[in-house]
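Student: I have just opened this entry. Can you take me through it in short steps?

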Amino acid sequence: MAVRKESENTFSEYPISEDIAEALKLLGYQQPTPVQQAVLPFALMGRDIVAQSQTGSGKTAAFAIPICNEVRWDEVLPQALVLEPTRELAVQVQEEIFDISRKKRLKVPVVFGGMPVEKQAVTIRQRSHIVVGTPGRVIDHMKRGNLILDQVRFLVIDEADLMLDMGFMDDVEYIVSQAGDGRKPQLMLFSATMEPHIDHLVDQYMHDPKRIILENDQKTAEGIEQSCFQTEPEEKFGALLDLMVMENPDNAIIFCDTREMVNTLFQKLRRKKIRCGMLHGGMEQKDRLYAISDFRKGIYHYLITTDVAARGIDLSDITHVINYDFPTKRENYVHRIGRTGRNGHTGKAFSFVSREELHYKQAVEAYIGTTIPWKTLPESGSLVDKQQEFQRRQKEKVVIRQAKGAVFDKDIQKLSIGGGRKSKLRAGDVVGAICAVEGVGQEDIGIIDVRDSITYVEILNHKGSIVYEELQSKPVKGKVRKVKKVQN
Ligand code: AMP
């Protein structure tokens with residue numbers, strides 16, 4: 001959840017349509033965050049935007065709300081393209097845009113490397129309103145003719161500084177130069193820091209952009225209780241176990257400096273039968289996505305990760321941050337501990353510091369302007385009671401936390417229909433069949449996804465069961481098909 005300043009401002013003050021406002025309400029967004037307050041009026045007027053803002057500030061919705069508001073449902077080609085530096089961010093941003101546009105029934109496909117190109121191609125060749133993707137894969141789809149950017153009216157370059165760090169700027173520039181068929185799309189660029197290369201992109205491609213800088217003089221949030229333990233490397237693992245027992249956190253991120261250390265720590269904790277997950281850049285794509293989603297669902301209480309892998313990823317309600325390795329860059333300390341204590345909640349940030357790492361601690365203290373107090377861990381023997389509670393917790397049945405977007409699912413029934421592209425079934429045929437059911441109209445049909453041999457369609461407004469029953473005996477494109485209910 002984002003940090004919000006008290007304000008009278010609510011979303012109803014902006015000229016946004018009813019379906020978007022309704023989705024925001026369901027998502028629990030009552031008031032715009034500072035970045036949203038700064039961006040929305042200008043973005044809704046069609047201005048180009050350059051905004052300096054951090055992850056966690058609500059910047060995704062700041063660009064997603066105006067885009068979802070302006071995109072026209074009845075167009076077939078993509079009207080907006082959102083570029084993200086990493087696959088995890090692409091997925092996260094796609095989910096947020098999808099949620100915001102849920103009531104408007106927009107199709108928001110996501111494309112990124114490490115997944116089969118052809119499957120993505122089938123999706124983006126169908127009606128697509130807003131495409132989210134990483135630059136390399138976006139170009140790949142452009143060159144294969146799967147992704148046509150002629151109708152793109154909005155283009156977002158998100159996390160521009162990370163794009164630059166990862167060497168994607170040439171690709172980004174190429175995409176910007178190709179989008180919009182002669183008419184320049186409305187460009188919105190978001191970056192945590194501004195650098196000359198980014199300025200160059202702004203000067204070259206943007207028209208009188210509105211520059212937005214959010215004051216953030218306070219480097220660390222007030223609600224975070226910080227402390228350090230003096231620990232030499234050989235004692236660190238034992239100290240971590242004691243700390244885990246002592247705190248028994250609900251949601252903790254454990255930061256390590258390298259992928260190797262993430263791997264090692266993960267194995268060691270698993271051997272102790274402690275439920276945990278890991279995330280680093282050397283993992284396979286699908287494993288990275290599973291790691292994030294399992295952690296969000298509450299399948300485990302500890303996520304072990306590196307700075308790079310965790311950057312930008314929205315993990316809410318983090319109760320504890322543990323610096324297993326003390327960060328060597330002072331900014332990383334601030335980023336890491338900023339994962340907790342958000343949105344009025346309190347959080348704890350613990351760091352292990354060896355003699356060799358002392359100078360890093362001092363550098364951080366000079367940077368944040370406070371000293372991080374030392375603490376000592378209680379003797380292991382004094383933790384017996386807590387140990388039992390900790391063990392019990394590791395064995396208890398997991399109660400899966402629902403994703404934010406699940407609020408929309410209760411009104412929606414997804415159906416599968418036997419038949420797809422190979423048998424020349426089109427979205428229009430499905431719409432025709434469903435609208436032939438009495439009492440059901442176009443406004444009750446959500447997203448239609450035509451695959452090779454199967455088609456998925458969402459039925460809205462609690463009409464899923466009627467449509468399901470009727471289609472057991474009524475034809476879809478001249479044939480009675482196998483129609484099943486699908487779990488969301
Ligand atoms: P972001 O900075 O876009 O990664 O967003 C951080 C988190 O804040 C995400 O979980 C959003 O869903 C959430 N969020 C965005 N806007 C609001 C809002 N106005 N009120 C409450 N939460 C929000």
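What follows is a set of questions and answers on the fold, from the whole chain to one sheet.

Student: How many helices and strands does the protein chain have?
Tutor: This is a predicted model. Both kinds of element occur in the protein chain. The count is 19 helices and 17 strands.

Student: Which radius of gyration does the protein chain have?
Tutor: The chain has 488 residues, and a compact globule with that many would come near 23 Å. The value for this chain agrees with that. It is 24 Å.

Student: What share of contacts joins residues at least 24 apart?
Tutor: Take contacts between residues at least 6 apart in sequence. Those that join residues at least 24 apart make up 75%.

Student: Which strands stand at the edges of the open sheet with six strands?
Tutor: The order is β8-β13-β12-β9-β11-β10, with parallel pairing. An edge strand here has a single partner, so one side of it is left without a neighbour in the sheet. The edge strands are β8 (224-230) and β10 (276-279).

Student: Which residue stands opposite Ala252 in β12?
Tutor: Strand β9 (residues 252-255) runs parallel to strand β12 (residues 320-323). Four bridges join the two. Opposite Ala252 in β12 stands His320.

Student: At what angle does helix α11 run to β10?
Tutor: Helix α11 covers residues 259-271. It lies across β9, β10 and β11 (302-305). Its angle to β10 is about 170 degrees.

Student: Which strands does helix α12 touch?
Tutor: Helix α12 (residues 285-297) packs on the sheet. Its direction makes about 140 degrees with that of β10. The strands touched by α12 are β10 and β11.

Terms used
Residues are numbered from 1 along each chain as its sequence is written. This is a predicted model: local features need pLDDT of at least 70, side-chain atom pairs count only at pLDDT 80 or more; totals for chains, interfaces and linings use all residues. The radius of gyration is taken over C-alpha atoms; the globule rule is 2.2 Å times the number of residues to the power 0.38. Two residues are in contact if their C-beta atoms, placed from the backbone, lie within 7 Å. Two strands pair if DSSP finds at least two bridges between them. Axes are lines fitted to C-alpha atoms, for helices over the stretch in contact, and angles run from 0 to 180 degrees between N-to-C directions.
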